[in-house]
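This report describes the overall composition of a protein chain, its salt bridges, two of its helix packings and the surroundings of one residue.

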Amino acid sequence: MSGQAQSDSGSEHHPFLHHEMSAEEQEKLKTLRRAAGASFIGNFIEWFDYASYGYLAAVIGTVFIPSEDKNIQLISAFAIFAMSFILRPVGGLIWGIWGDKYGRRSALSWSILIMSGSTFLIAFLPGHKTIGLAAAICLLVLRMIQGFSASGEYAGAGTFLAEYAPAKKRGMYTALVPASTAVGLLAASFLTACLFHFLSAAQIESWGWRIPFLLAGPLGMIGRYIRLHLEDSPTYIAMKEAISGGQKQSVPMSKVLRDHTRTICVSFGVASLNAVAFYLLLSYMPTYVEQELGFSSDLATALSTAPLIVYIGSIMVMGHLSDTHGRRKMLLIASVAFIVLTVPIFMLMGTRNVWVVLLCEIAFAIMLTINDGTLATFLAESFPTEVRYTGFALSFNTANALLGGTAPTIATALIQYTGSSLAPAYYLAFIAFLALTAMLAIPQHATSALDREQAESAQSQG
């Protein structure tokens, strides 16, 4: 009966069969699309902000850091970027427990409100010339609030969409979550390229850098509205109905760590490659191309556009391939690709040929989608419903706090202290080796916690 249910669900949501659907089936498809939209918009805002900060790091350093040394300003700006990740494990745990106890929708509707609000306020901060060191402190406080609230976004959206999606298309649908991050990055890349093209350096430093942060306000209100008008996932609702007496689910941290220690450790290891590669390649790379390869800032930003377009197009394909070939195989391929190819690709970029650099960035984007198109689904399937949000958020955000948010700072510092522009490549290859080790610890069998629950539910209904 489980297999039949999966087959039926696959046909229900086929886009070319819309005219043959019953009213109930059409409503299910509309609900799935709303869930996809609700999952999409929050991550778009989050990564639009993070990318804008990364692309404008040199300008933000000049505005907020009182120093004559441009390298110190840049490292300090990236350090604030990294410190905004300190609260991510705590935030992930809090949002995860909230989402597991009170519902995915509740957690996601509040996280997007706080995240977009703190991002919006950054646009109104005065610089160090006006209030001195307090400017950098205020920036750090708002970035930490933003990091705390954003820690519930990726994990919550991934959990929410994985639980809504048809079993046979879960990888493809859940790939919308990382796709939304890339669309946010692409929008930030396009906007900052326009800023550098149409505004003078003085105008960007004075007020131009504020524009991306201002946009978070209205976008956040739209996202919150969509989420408030959507029911929780069927999987979560079924779990809540199964709890005797209608009591609220208890999700203490000790239970998550005690009963799922091995899964959290493996998930952290797997997520580590995503954390470092994502921030190095899609946030730090324009700075690397400008500072180390000597390209102009507008050209460095423009060169990041094509890889993002390729990323968005490829990631849905990778999500589909994870449905047909399995999450484990896709994640293993990604790890091996980064171990073998990262250093040679960085060497090729050292030729400083524009077309070679562009092709190298595109190659990196494709390698990254093999991991990113699979990771969210893998993490959602690794934990049972009652702790899915918490386990996903804790492992993913801890990896991003320790390794992701610090990646641009570490890359900049490694280059400065070693004198080698290849230092970030060796660092990324090492992280890929750690991710490979974690992947090899995963058993070959592929029955996920989410699939087992759905099968048991179908059997009980039968």
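A residue is called buried when its relative accessible area is under 20%, exposed when that area is over 50%, and partly exposed in between, as judged with a 1.4 Å probe and protein chains only. By this criterion, 57% of the 462 residues in the protein chain are buried. The model is a predicted one, in which local features need pLDDT of at least 70 and side-chain atom pairs count only at pLDDT 80 or more, whereas totals for chains, interfaces and linings use all residues. Residues are numbered from 1 along each chain as its sequence is written, and side-chain values use heavy atoms, with hydrogens and water left out.

**Overall composition**

The protein chain contains 25 helices and 0 strands; these elements are DSSP runs numbered from the N terminus, with helices (H or I) of at least four residues and strands (E) of at least two. Its accessible surface is about 18,100 Å², and carbon and sulfur atoms contribute 67% of this area. Such areas come from the Shrake-Rupley method with a 1.4 Å probe, and for residues only the protein chains shown count as cover. Among contacts (heavy atoms within 4.5 Å) with a separation of 6 or more in the protein chain, 84% involve residues 24 or more positions apart.

**Salt bridges**

A salt bridge is defined as a side-chain nitrogen of Lys or Arg within 4 Å of a carboxyl oxygen of Asp or Glu. The whole structure holds 8 salt bridges, and the table includes three of them.

| Salt bridge | N to O distance |
|---|---|
| Asp 100 and Arg 104 | 2.6 Å |
| Arg 388 and Glu 163 | 2.7 Å |
| Glu 381 and Arg 170 | 2.6 Å |

Glu 381 belongs to helix H21 (residues 354-382) and Arg 170 to helix H10 (residues 170-174), so that salt bridge links parts of the chain 211 residues apart. Both Glu 381 and Arg 170 are buried. Shared partners join Asp 100, Arg 104, Glu 163 and Arg 388 into one salt-bridge network. Within this network, Asp 100 and Arg 104 are both buried. Arg 388 is also buried, at 0% relative accessibility, and Glu 163 is buried with a relative accessible area of 2%.

**Helix packing**

Helix H9 (residues 153-164) packs against helix H11 (residues 176-198) at an angle of about 140°, and their axes lie 9 Å apart. Axes are lines fitted to C-alpha atoms, for helices over the stretch in contact, and angles run from 0 to 180 degrees between N-to-C directions. H9 contributes Tyr 154, Ala 157, Gly 158 and Leu 161 to the contact, and H11 contributes Leu 176, Val 177, Pro 178 and Thr 181. These residues comprise 6 nonpolar, 2 polar and no charged. Here Ala, Val, Leu, Ile, Met, Phe, Trp, Tyr, Cys and Pro count as nonpolar, Asp, Glu, Lys and Arg as charged, and the others, Gly among them, as polar.

Helix H5 (residues 88-102) and helix H15 (residues 234-242) pack at about 65°, with axes 9 Å apart. Gly 99, Asp 100, Lys 101 and Tyr 102 of H5 meet Tyr 236, Met 239 and Lys 240 of H15. The contact of H5 with H15 has 3 nonpolar, 1 polar and 3 charged residues.

**Surroundings of Glu 361**

Glu 361 is located in helix H21 and is buried, with 5% relative accessibility. Leaving aside residues up to four places away in sequence, Glu 361 touches Met 285, Val 289, Leu 303, Ser 304, Pro 307 and Met 349. The C-alpha atoms of Glu 361 and Met 285 are 8.6 Å apart, although 76 residues separate the two along the chain.
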